[in-house]
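Q: I am new to this structure and would like a close look at a single part of it. Could you pick one pocket and walk me through it and its surroundings?

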Amino acid sequence: MEPKKSKYDTNPLDPDFVKNAAESWSEGSDGPATQEVGGATREIGSSANESARSNIYSEAPTRRYDNLPLDSPYQSVFVPPAYSPPAPYQPSPAPFSSSGQKPTSRSVAGIGLPEKWAMILPYAPFYIGVVVSLLELFLVPKKEMRVRFHASQGVALHIAILVVQTLFGVVGAISGTSIGGSLFKLAAAIFLIISMVRVWKGEPHHIAPIAEPAQWFNEHIEPRNKS
């Protein structure tokens, strides 16, 4: 026995679908008509959740609260978080440096020479400078930073000049000419004299290519008088 169907049970595949639908609508129209509501509208009382709705961020998704106020809006995943800028790079202070102060006539501890002569003699040409530089590094205490700086830089400079002169000598022996070595000796002597004048005037004189070996000499050659 076929079960009884209501007026709302329709099958779109049924060939009588249109007819049954029309009958269902006609039967439903016999019901009571919609009544019109009259009068002024009245305000509905606020619910218990109105206080939460007043804050638009109270129901926001999970947020990070590091360095952010509690009432700040939730940041989108497409906006990168705001981080504090990194601290500017601060180079570590060098253990010694070339000072721009003009050397004085005070006596340097350990050698008894005036400071101005102790600072310019390490740049003297013709092997005088290298001998004076080594004596100052072995005799001048660490507290005489300016004198030891120029002494260590003088040692490194004279060693560099000696190495280059040796290379020119080898090249001259192979090529049979020594003009290149002679020109380099002249240029090195002029540079050493200019260095002496700059230090005498109190101008900063820092030779960057030999800075590391000069610092090594200053750190590893311990003076006899450490006070």
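A: Seven helices and zero strands make up the regular elements of the protein chain in this predicted model, and along the sequence they follow the pattern α-α-α-α-α-α-α. The chain has 227 residues, and 25% of them are buried. Among contacts with a separation of 6 or more, 65% join residues 24 or more positions apart.

With that backdrop, let us turn to the second largest pocket. Its volume is about 260 Å³. The lining consists of 13 residues, and those nearest the centre of the pocket are Phe126, Tyr127, His158, Ile161 and Gln165. Sorted by class, the lining holds ten nonpolar residues, two polar ones and one charged one. Two helices, α5 and α6 (179-201), each give at least two residues to this lining. The largest share, five residues, is supplied by α5.

We can start with two of the residues that lie nearest the centre, Phe126 and Tyr127. Phe126 sits in the loop between α3 and α4, and Tyr127 is placed in the loop between α3 and α4 as well. Their backbones share a noteworthy feature. Phi of Phe126 is near 65 degrees, a positive value in a residue that is not glycine. Tyr127, also not a glycine, has a positive phi of about 65 degrees. Are these two residues buried or exposed? The cut-off to keep in mind is that a residue is exposed when its relative accessible area is over 50%. Phe126 has 68% relative accessibility, so it counts as exposed. Tyr127 has a relative accessible area of 55%, so it is exposed too.

Next comes α5, the helix with the largest share of the lining. How does its length fit what is expected for a helix? It has 31 residues, which should span 45 Å at 1.5 Å a residue, and its end C-alpha atoms are indeed 45 Å apart, so the two values agree. After α5 comes Gly176, with a positive phi near 85 degrees.

The other helix named for the lining, α6, is where Phe191 is found. Phe191 has 35% relative accessibility, so it counts as partly exposed; that class lies between the limits of 20% and 50%. Leaving out neighbours within four places in sequence, Phe191 makes contact with Leu157, His205 and Ile207. There is also a link back towards an earlier part of the chain: 68 residues separate Phe191 and Tyr123 in sequence, while their C-alpha atoms are 9.0 Å apart.

Leu157 turns up again when we look at Ile210, which belongs to the loop between α6 and α7. Not counting residues up to four places away in sequence, Ile210 touches Gln153, Ala156, Leu157 and Ala160. From C-alpha to C-alpha, Ile210 and Leu157 are 6.9 Å apart in space, with their positions 53 residues apart in sequence. Ile210 has a relative accessible area of 10%, so it is buried; the limit for that class is under 20%.

Now we can go back to the loop that holds Phe126 and visit the helices at its two ends. On one side is α3, and Glu115 lies in that helix. Is Glu115 buried or exposed? Its relative accessible area is 3%, so Glu115 is buried. Setting aside residues up to four places away in sequence, Glu115 touches Pro103, Thr104, Ser105, Arg106, Val108, Arg146 and Val147.

On the other side is α4, a helix of twelve residues (128-139). From its first C-alpha to its last α4 reaches 17 Å, close to the 16 Å expected at 1.5 Å a residue. Its buried residues are Gly129, Val130, Val132, Ser133, Glu136 and Leu137. Viewed down the axis of α4, these buried residues fall within an arc of 165 degrees, so they line one face of the helix. What covers the buried residues of α4 includes α3 (115-120), α5 (145-175) and α7 (211-220).

To put the parts together: the pocket has Phe126 and Tyr127 among the residues nearest its centre, and its lining draws on both α5 and α6. Helix α5 also helps to cover the buried residues of α4.

Notes:
Residues are numbered from 1 along each chain as its sequence is written. This is a predicted model: local features need pLDDT of at least 70, side-chain atom pairs count only at pLDDT 80 or more; totals for chains, interfaces and linings use all residues. Side-chain values use heavy atoms; hydrogens and water are left out. Helices (H or I, at least four residues) and strands (E, at least two) are DSSP runs, numbered from the N terminus. The expected span of a helix is 1.5 Å times one less than its number of residues. Buried means under 20% relative accessible area, exposed over 50%, partly exposed in between (1.4 Å probe, protein chains only). The arc is that of the directions from the helix axis to the C-beta atoms. Contact means heavy atoms within 4.5 Å. On a 1 Å grid over the protein atoms alone, a cavity is a set of points where a 1.4 Å probe fits but cannot get out, and a pocket is an open set with protein on both sides within 12 Å along at least five of seven lines; lining residues have an atom within 4 Å of a point. Grid points are joined across faces, edges and corners, and a volume is the space filled by probe spheres set on the points. Ala, Val, Leu, Ile, Met, Phe, Trp, Tyr, Cys and Pro count as nonpolar, Asp, Glu, Lys and Arg as charged, and the others, Gly among them, as polar.
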